[in-house]
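Trainee: I'm new to this structure and would like a close look at one part of it. Could you pick a sheet and walk me through what surrounds it?

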Amino acid sequence: MAADQVLETRRLERMEDLVSLCARRGYIFASSEIYGGINGFWDYGPLGTELKNNLKAFWWQRMIRERADVEGIDSAIIAHPRTWEASGHVEHFSDPMVDCRACKKRFRADQLDDAGSCSSREGTSEHDLTEPRNFNLMLQTRIGASEDAASTAYLRAETCQPIFNDFKRVREAARQKVPFGIGQIGKAFRNEINPRNFTFRSREFEQAELEFFCHPSERAKWFEHWKEERLRFHRDLGFDDDVLRTRPHDADELAHYCKAAVDVEYRFPFGWQEIEGIHDRGDWDLSRHSEYSGKDLSVTDEATKERYMPMVIETSVGVDRTCLALLANAYCEEVIGDGDKRTVLRLSPAIAPIKAAVLPLSKKLAEPAHALERDLRRHLNIFYDDAGNIGRRYRRQDEAGTPYCVTLDFETADDGKVTVRERDSMAQERIAVGAVIAYLEERVGFPA
Ligand code: GAP
């Protein structure tokens with residue numbers, strides 16, 4: 001039996017296995033780890049940062065660069081506080097929560113199954129809960145030296161509100177006409193009562209959002225268009241139909257600004273969960289910002305002279321949640337032909353943090369290997385490793401999700417060839433050193 005034959009594959013069943021791999025390999029780990037971490041905050045290490053940047057670059061390419069009708073921006077995290085009054089967040093953006101009078105822990109009233117037992121009461125492990133109260137999820141800060149109410153500001157709870165603030169400026173500066181969109185990627189903050197499932201529900205996270213402005217008569221058409229586009233995006237990331245689905249919201253689930261919504265869900269080990277929301281926000285945002293700012297944000301149709309408030313179709317994907325879904329989807333434990341086991345991250349090459357590892361069979365081959373590494377680094381993210389047994393070096397790259405390993409051996413000097421090993425099939429082929437860049441570049445791009 002061939003040593004590189006896969007006999008058994010087990011996909012991710014327990015999140016703990018992924019959490020442990022992510023910490024070990026430097027993908028994602030607790031923020032401020034040396035102080036014991038801080039609940040709901042995560043740091044991305046070298047591999048995680050590359051993964052996240054690749055995902056964001058793909059989104060930016062698809063949603064902004066490839067579209068003449070979409071502009072990209074990068075707004076401040078803190079907006080004028082009136083923004084959040086206009087958006088409805090000050091009034092509505094809350095979860096019902098209860099406190100335990102005994103152990104002082106706080107829980108979401110709709111997630112009491114996760115509350116566990118109380119360790120502070122005698123004779124019972126039941127929590128002594130208060131009545132539910134609404135708890136606003138926006139994180140507050142103060143601006144300037146004064147401590148009065150006027151200095152209160154909010155870290156943005158969603159990246160889209162500054163897009164509405166900038167709508168008129170961007171439309172005029174970019175000479176766009178409705179229908180058109182504005183997108184941005186950036187940090188958002190929510191004081192989640194119960195952060196959980198690794199990065200899935202965090203207090204600081206990134207969103208990639210598109211707000212697409214259209215005439216009221218075209219909102220259904222654009223809603224369908226963006227739903228299909230976003231599904232294509234997720235499929236191109238490598239999610240198959242058995243782990244990806246859409247779920248329309250029932251009327252009683254809709255957020256205060258929403259007329260219709262569809263979630264894109266991924267099947268995590270802890271169940272089907274939202275990674276993206278596609279929302280028909282109607283004219284809620286532009287109308288409210290017109291009212292609160294006193295600036296008219298309606299537009300005129302040049303052909304008909306009709307004056308109207310554009311409708312907004314939004315696509316809002318969580319960057320961290322999608323990274324988590326990509327990692328969960330890629331994680332495999334395999335038993336291979338020689339009885340050996342390996343853990344492999346089957347990330348698509350386009351999203352993988354390291355595209356290829358250069359692995360000389362011996363340290364004596366370091367000079368030509370470093371020369372190849374330097375050449376490749378000008379094009380792609382490359383890793384170099386000349387320490388230890390080649391089998392163990394392959395395993396380390398499998399676990400990091402590196403799709404290709406390029407091995408130099410003692411014949412390389414004679415025949416000018418290297419061995420390229422593909423991560424998933426473990427198939428090897430010999431190609432000319434001068435052809436390696438083209439070979440890799442052909443295989444690591446995003447689908448057009
Ligand atoms: N602008 C609309 C909006 O923010 P949302 O459904 O609240 O809608 C959109 O959030 C996406 O942001 C979600 O699908 C999810 O991927 C991500 N997201 C929301 N809250 C999150 C959290 N606490 N931690 C990580 N990601 C979150």
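Mentor: Let's take the sheet strand by strand, then turn to its helices, its salt bridges and a few spots elsewhere.

Keep in mind that this is a predicted model. For orientation, the protein chain has 13 helices and 24 strands, and its C-alpha atoms fill a box of roughly 75 × 75 × 45 Å along the principal axes. Of the 448 residues, 51% are buried. If you take contacts between residues at least 6 apart in sequence, 66% of them join residues at least 24 apart.

Now the sheet. It's an open one with 7 strands, in the order E4-E10-E11-E17-E14-E13-E12, and the pairing is mixed. At the edges sit strand E4 (70-72) and strand E12 (244-248), each pairing on one side only. Neighbouring strands here are turned by 25 degrees against each other on average, direction ignored. As a reminder, strands of a sheet pair through backbone hydrogen bonds, either parallel or antiparallel.

Let's start from the E12 edge. E12 runs antiparallel to strand E13 (residues 260-268), and 5 bridges join the two. You can pick out individual partners: Thr246 is bridged to Val264 in E13, and Arg245 to Glu265 in E13.

Stay with E13 for a moment, and look at its other neighbour. E13 pairs with E14 in the antiparallel sense over 9 bridges, and the two strands form a hairpin with 2 residues between them. One bridge to look for is that of Ala261, whose partner in E14 is His279. E13 is also mostly covered, with 7 of its 9 residues buried.

What covers the sheet? Two helices are worth finding. Helix H2 (residues 46-65) lies across E4, strand E10 (180-189), strand E11 (204-214) and strand E17 (311-318), and runs at about 160 degrees to E10. Helix H9 (residues 319-330) packs on the sheet too, touching E10, E11, E13, strand E14 (271-282) and E17. The direction of H9 makes about 35 degrees with that of E13.

A further helix, H8 (residues 284-293), also reaches these strands: its buried residues pack against H3, H5, helix H6 (167-173), E11 and E14. The buried residues of H8 are Trp284, Asp285, Leu286, Arg288, His289 and Ser290. Right after H8 comes Gly294, which has a positive phi, near 80 degrees.

Next, the charged pairs. A search of the whole structure turns up 51 salt bridges, and two good ones to view involve strands of our sheet. In one of them, the side chains of Arg281 and Glu158 meet at 3.3 Å, N to O. Arg281 lies in strand E14, while Glu158 is in the loop between strand E9 (152-154) and helix H5 (161-165), so the pair ties together parts that are 123 residues apart in sequence. Both Arg281 and Glu158 are buried.

The other pair is Lys187 with Glu204, whose side chains form a salt bridge at 2.9 Å, N to O. Lys187 belongs to strand E10 and Glu204 to strand E11, and the two residues are 17 apart. Are these two buried or exposed? Something in between: Lys187 has a relative accessible area of 29%, so it counts as partly exposed, and Glu204, at 27%, is partly exposed as well.

Away from those strands, Arg235 forms a salt bridge with Asp241, and their closest N and O atoms are 3.3 Å apart. Arg235 is partly exposed at 41% relative accessibility, whereas Asp241, at 56%, counts as exposed. Salt bridges can also share partners: Glu334, Asp340, Arg342, Arg346, Arg395, Asp398, Arg421, Arg423 and Asp424 are joined that way into one network.

Finally, come back to the E4 side and look just past that strand. Ile77 is in the loop between E4 and helix H3 (82-86), and with Ile78 and Ile143 it forms a nonpolar patch on the surface. Together the three have about 220 Å² of accessible area. Ile77 itself is at 31% relative accessibility, so it counts as partly exposed. For the wider setting, the protein chain exposes about 21100 Å², with carbon and sulfur atoms supplying 47% of it.

Technical notes:
Residues numbered from 1 in each chain as written. Predicted model: local features only at pLDDT ≥ 70, side-chain atom pairs only at ≥ 80, totals over all residues. Heavy atoms only, no water. Pairing = 2+ DSSP bridges. Helix = DSSP H or I, 4+ residues; strand = E, 2+ residues; numbered from the N terminus. Axes fitted to C-alpha atoms, helices over the stretch in contact; angles between N-to-C directions. Contact = heavy atoms within 4.5 Å. Patch = residues over 30% accessible without salt bridge, like charges linked within 9 Å, V, L, I, M, F, W, Y side chains within 5 Å. Areas by Shrake-Rupley, 256 points an atom, 1.4 Å probe, with all protein chains shown as cover. Salt bridge = Lys/Arg side-chain N within 4 Å of Asp/Glu carboxyl O. Buried < 20%, exposed > 50% of the residue type's maximum accessible area, 1.4 Å probe, protein only.
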